[in-house]
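Hi everyone, thanks for making time for this. I'd like to walk you through a structure that is probably new to most of you, so let's put it on the screen and go through it piece by piece.

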Amino acid sequence: MRLPKPKTEVVGMVSLPFRQIHLDFHTSPLIPDVAADFNPEEFARTLKDAFVNSVTVFAKCHHGMSYYDTKVGIKHPALKRDLLGEMVEACHRYGIRVPVYISVVWDNWAAEHHPEWRQVNREGKFVGAEPFQAGWKWLCLNTGYADYVAAQTEEVVRNYEVDGVFFDIVMQWECYCEKCKRDMLKQGLNPENPEHARQFARQVCERFMSHVNEIVKRHRPQASIYHNSRLRVGVSREAHFYTHQEIESLPTGGWGYLHFPFFARYVRTIWREFLGMTARFHRSWADFGTLKTEAALAYECFHALALGGKCSIGDQLHPRGKLDRAVYERIGKVYRRVAELEEWCEGAEGVAEVAILTNADLEDGRLAESDEGATRMLMETHWQFDVIDRFGDFNRYRALIVPDRFSPDQQTLRKLKTYLQRGGKLLLSHRAFVDAQGNFALADVTGFNLHGESSWDCEYLLVGKALAEGVPDMSHVVNASSMIVEAKNAKVLATIGEPYFNRTWQHFTSHRHSPMAKATRRPAIVQSANGQIVYFAHPLFRLYAQHGYLVYRQLVVNALRRLVPERLIETDAPSFAHVTLTKQNSRNRRARWMVHLLAYAPIRRTRTIDIVEEPIVLRRVTLQVRTGKKPQQVYLAPQRTDLPIDFADGIVHLVVPEVSGYQVIVMEL
């Protein structure tokens, strides 16, 4: 179950510090007193006292203002000092690493002074903030603007001893400016074809990333490089442009508490190093005058450690240049605890027994409902899992879960069939591996076929004994139509009940869907004759994300147990607790396995925001961990308190006396 190593053709590897700050400074040129209160010694000392060992500071912001002595860009008109230079020098004196931030596609000064550099949408309008609207204007990276940003980058990395570059807002939509249209035609692409426009936009971004990467590495060979705003399923195709990955994921800022664990499980299969980036704000970026609870900050940082990542907390410096001491007192409390755990987190890799195989779509960074449902199910039932795209290594996992949809292609089909020939297992649902013409691409290996969707707007599941554990003995509604399954050589595990009629204005009954009218023999869940594949005819993963009906989750777990009967971890921890496994391998000491127990519960207290106010205390949590061999020592970290264990049949049995929010259990093998 070792994880794949990242590509290194362009930018190489870096080792990231655990306790980082991402410091924004998007400051209007209308603000008159920029850095008036800045004291470099106080700035660096505040960070050091908060256990911060890396801070990403600003060279250029979204307003297009530079905060150093620039000959290329526009220095903020109110800035009377070389703010960037002073920050870098002061932080280095305290041993704090300093990457630098450069805003790319958002640059309001450039947009206002060079409208010919702006991105244009299909309707011929500028992309971004409209006239008389506050907000950011989008620049096109296929114009002279890209050279402008490259020159700024070279100026910064040549003149300042920065430890990395964070390029932000590296996003090119389908742009229909005159230059993009002309260049598409030169390549034989049709600007009127949206797919051609997307393909060209990808080329533009990749050309920009390659250009600025070369500049950075020429002047700062050991620097880290990251291009933000491009994280989505499919970014593995761009892995060679990055030294690491940073998952910008502010749970209260629109990302939610599911975004980070999904993408952490994805990026850790591609990059050795990744950060979980949250922020100190109550809501989202630049929510001045607010401070997230200590419990929320702790939960979000510990979640990164539990999945094999490192921590970054976002802040925005006040225009006058003074860090808020109360903010860094709170950050320090959390980062002190992170520092205490680093011994067991440095070089740790996530361990997974199964993986979610999801569609690779570089144009869509949103979390699909089917992926959300699958992630929730597996987290709530404590399976150890990764997320992979079609370019991932299938053979690392005992089973693959393909939730609700997956567009087949010949290369992926060949990989999947090889995986099955080697004994791999597969759990599919609804339109997974169904092509645009409605053909089921795996019919030759599954023992069943699919023939379109039923005409019902709701159906009922009649569950057989094989999947009945924990499922109430009744018909269970599914508010969606199923695929019509022809079970040629497959075992039927559940069948479909049909309602009286679909709900329309002409015929309806009661408040919602009609009840079941009759049972049918039409398959709802089937398993291939060789036992390797289980298929659900309904989109249960999407429906779980929408409705949270626990029967759907139980059915998936029961099916997974048929495919993977010997789980890595069994526990009686509650469903809201996160239970994850990481491992360290070293030539200098015994291998270690770390079980991470997280007990926090975000609660929806507003219409849009989940709040974490306090950790939850769990007592006497039982764990069964399939290590294969008896550990030489088992103890709590960082307390180093030994735990008694029983060991039988390759499984460690133990009881964790107490978990107050977060507890790591170390097994020295």
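One term before we start: when I say contact, I mean heavy atoms within 4.5 Å. What we have here is a predicted model, so local features need pLDDT of at least 70, side-chain atom pairs count only at pLDDT 80 or more, and totals for chains, interfaces and linings use all residues. Residues are numbered from 1 along each chain as its sequence is written, and side-chain values use heavy atoms, with hydrogens and water left out.

Let's begin with E570. Leaving aside neighbours within four places in sequence, E570 is in contact with R561, T622, L623 and Q624. With R561 there is also a polar contact of 3.2 Å between the two side chains. By polar contact I mean a pair of N or O atoms within 3.5 Å; within protein, one must be able to donate a hydrogen and the other to accept it, and residues adjacent in sequence count only if both atoms are side-chain atoms.

Is E570 buried, exposed or something in between? The relative accessible area of E570 is 24%, so this residue counts as partly exposed. The scale is this: buried means under 20% relative accessible area, exposed over 50%, and partly exposed in between, using a 1.4 Å probe and protein chains only.

Where does E570 sit? It is in strand β25, residues 569–571. Helices here are DSSP runs of H or I with at least four residues, strands are runs of E with at least two, and both are numbered from the N terminus. Strand β25 runs antiparallel to β30, residues 617–626, and 3 bridges join them. One of the matched pairs is T571 with L623 in β30. For two strands to count as paired, DSSP has to find at least two bridges between them.

Zooming out, β25 belongs to an open sheet of 4 strands, in the order β25-β30-β33-β32, with antiparallel pairing. The edge strands are β25 and β32, the latter at 645–648, and each pairs on one side only. On average, neighbouring strands in this sheet are turned by 25° against each other, direction ignored. That angle is taken between axes, which are lines fitted to C-alpha atoms, for helices over the stretch in contact; angles run from 0 to 180 degrees between N-to-C directions.

There is a second open sheet to look at. Its 5 strands come in the order β11-β26-β27-β34-β31, and the pairing is antiparallel. Because β11 (349–350) and β31 (633–637) each have a single partner strand, one side of each is left without a neighbour in the sheet. For β31 that partner is β34, residues 662–668, running antiparallel and joined by 5 bridges. Within that pairing, V634 has M667 as its bridge partner. At the end of β31, a cis peptide bond joins A637 and P638, with omega about 5°, and P638 lies in the loop between β31 and β32.

Now for some parallel pairing. Strand β16, residues 425–429, is joined to β14, residues 399–402, by 4 bridges in the parallel sense. β16 also pairs in parallel with β24, residues 533–536, over 4 bridges. Of the 5 residues of β16, 4 are buried, so this strand is largely enclosed by the rest of the structure.

On to the helices. Helix α13 (residues 540–547) and helix α14 (residues 550–563) have axes that come within 9 Å and cross at roughly 145°. The residues making this contact are L540, F541, L543 and Y544 of α13, and L550, Y552, R553, L555 and V556 of α14. Two of these names come back with E380 of helix α10, residues 369–380: not counting residues up to four places away in sequence, E380 touches Y544, R553 and S575. E380 counts as buried, at 19% relative accessibility.

Finally, two residues with a backbone surprise. A35, in the loop between β1 (19–24) and α1 (40–49), has a phi near 65°, a positive value in a residue other than glycine. A35 is buried, with 2% relative accessible area. F433 also has a positive phi, of about 65°, although it is not a glycine. This residue is in the loop between β17 (431–432) and α12 (443–446), and F433 is buried at 0%.

Thanks for listening!
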